[in-house]
Amino acid sequence: MSVDLPVALVTGGNRGIGREVCRQLALLGYVVALGAREPSRGEQAARELDPDGVRVIACPLEVDNSLSVDALAGWMKDRFGRCDVLINNASTPYDRWATASSADLGNVAEAIDVNLFGPWRITQALLPLLRSSPFPRIVNVSSEDASIAAMTGGSPAFSVSKASLNALTRLLAAELGRDGILVNSVCPGQPHENGRTLAQAAASIIWAVTLPSGGPTGTFTRDGHQFPW
Ligand SMILES: NC(=O)c1ccc[n+]([C@@H]2O[C@H](COP(=O)([O-])OP(=O)(O)OC[C@H]3O[C@@H](n4cnc5c(N)ncnc54)[C@H](OP(=O)(O)O)[C@@H]3O)[C@@H](O)[C@H]2O)c1
């Protein structure tokens, strides 16, 4: 089956910023595939956002599981026949208690598997669909903790994995530009801190979705403004 409306996949869409991104994308006219590693949580979130089940559709997706990612890519093709926007939002939490000198490298490996390899394997799996989109966009949801320029210690697993994700953004942007695929990293900022709302954090991500064709690629931004690498 193929649909006429643009289709977006949001990983980790069942709560937090990802859920709000799903809500905003549906309002903008996208059909949203809401990825959730726990199917019942995804279905509940999708039902809350779109009781009719037309604009927001839950799909099982564990980003650290290649079989799950491949199954998702097959489902996107069968269900929608397209994928125009990929938002790599799913993430491990901050490990604020840890330090680089004594970090449990098992935790670091887990963060890299989810925050770097997750977006990487999903991008690879969805590239055929993205390449056939008229306006393909990939948004890697990063963090201020990814900024190497600003690193002062703390959250080593999270920081290294998100800095690596930013590197992936640069590599993919350079490579996929010729296919018209815009690839950008966005730091959404911390909702509920300093008056920042969940809607503002999600809107920061939507900015990179709604860029015009030929627009910026390989950037790291918050609210559309360059963030220090
Ligand atoms: N909140 C902030 O202050 C802040 C600041 C800067 C950047 N960010 C970034 O913004 C994004 C969203 O943040 P958030 O605070 O909304 O996150 P969150 O509330 O912690 O939600 C994380 C989401 O990722 C999912 N997830 C985790 N591991 C997964 C896996 N292996 N496979 C599939 N899904 C997985 C979670 O699923 P479950 O519900 O099943 O756990 C959940 O849906 C993240 O990339 C985060 O790093 C957040």
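**Chat: the sheet and the ligand**

Visitor: Hi! How many strands form the sheet, and in what order?
Guide: Keep in mind that this is a predicted model. Eight strands make an open sheet, ordered 3-2-1-4-5-6-7-8, and their pairing is mixed.

Visitor: Parallel, antiparallel... what holds strands together anyway?
Guide: In a sheet, strands pair through backbone hydrogen bonds, and they can do that either parallel or antiparallel.

Visitor: Which ones are the edge strands here?
Guide: Strand 3 (56-60) and strand 8 (225-226), as each of them pairs on one side only.

Visitor: And how many bridges join strand 2 to strand 3?
Guide: There are five bridges between strand 2 (residues 31-36) and strand 3, and the two run parallel. One bridge partner pair is Ala-36 with Pro-60 in strand 3.

Visitor: OK, new topic. Where does the ligand sit?
Guide: You'll find the ligand in the largest pocket. Helix 1 (16-27) and helix 5 (156-176) are the elements that give two or more residues to the shell around the ligand.

Visitor: Which residues come nearest to the ligand?
Guide: Of 26 residues around the ligand, the nearest are Asn-14, Arg-15, Ile-17, Arg-37 and Arg-41.

Visitor: What's that shell like by class?
Guide: A mix: 10 residues are nonpolar, nine are polar and seven are charged.

Visitor: Which polar atoms are next to a ligand nitrogen or oxygen?
Guide: A polar side-chain atom of Asp-64 is 3.1 Å from a ligand nitrogen. Polar backbone atoms take part too: one of Asn-89 is 2.8 Å from a ligand oxygen, and one of Gly-12 is 3.3 Å from a ligand oxygen.

Visitor: So how much of the ligand's accessible area does the protein cover?
Guide: On its own the ligand has 900 Å² of accessible area, and the protein covers 88% of that.

Terms used. Residues numbered from 1 in each chain as written. Predicted model: local features only at pLDDT ≥ 70, side-chain atom pairs only at ≥ 80, totals over all residues. Heavy atoms only, no water. Near = heavy atom within 4 Å. Polar contact = N/O pair within 3.5 Å; in protein donor to acceptor, adjacent residues only side chain to side chain. Areas by Shrake-Rupley, 256 points an atom, 1.4 Å probe, with all protein chains shown as cover. 1 Å grid on protein atoms, 1.4 Å probe; cavity = no way out; pocket = protein on both sides within 12 Å on 5 of 7 lines; lining within 4 Å. Sits in = over half its atoms within 2 Å of the grid points. Helix = DSSP H or I, 4+ residues; strand = E, 2+ residues; numbered from the N terminus. Nonpolar A, V, L, I, M, F, W, Y, C, P; charged D, E, K, R; others polar. Pairing = 2+ DSSP bridges.
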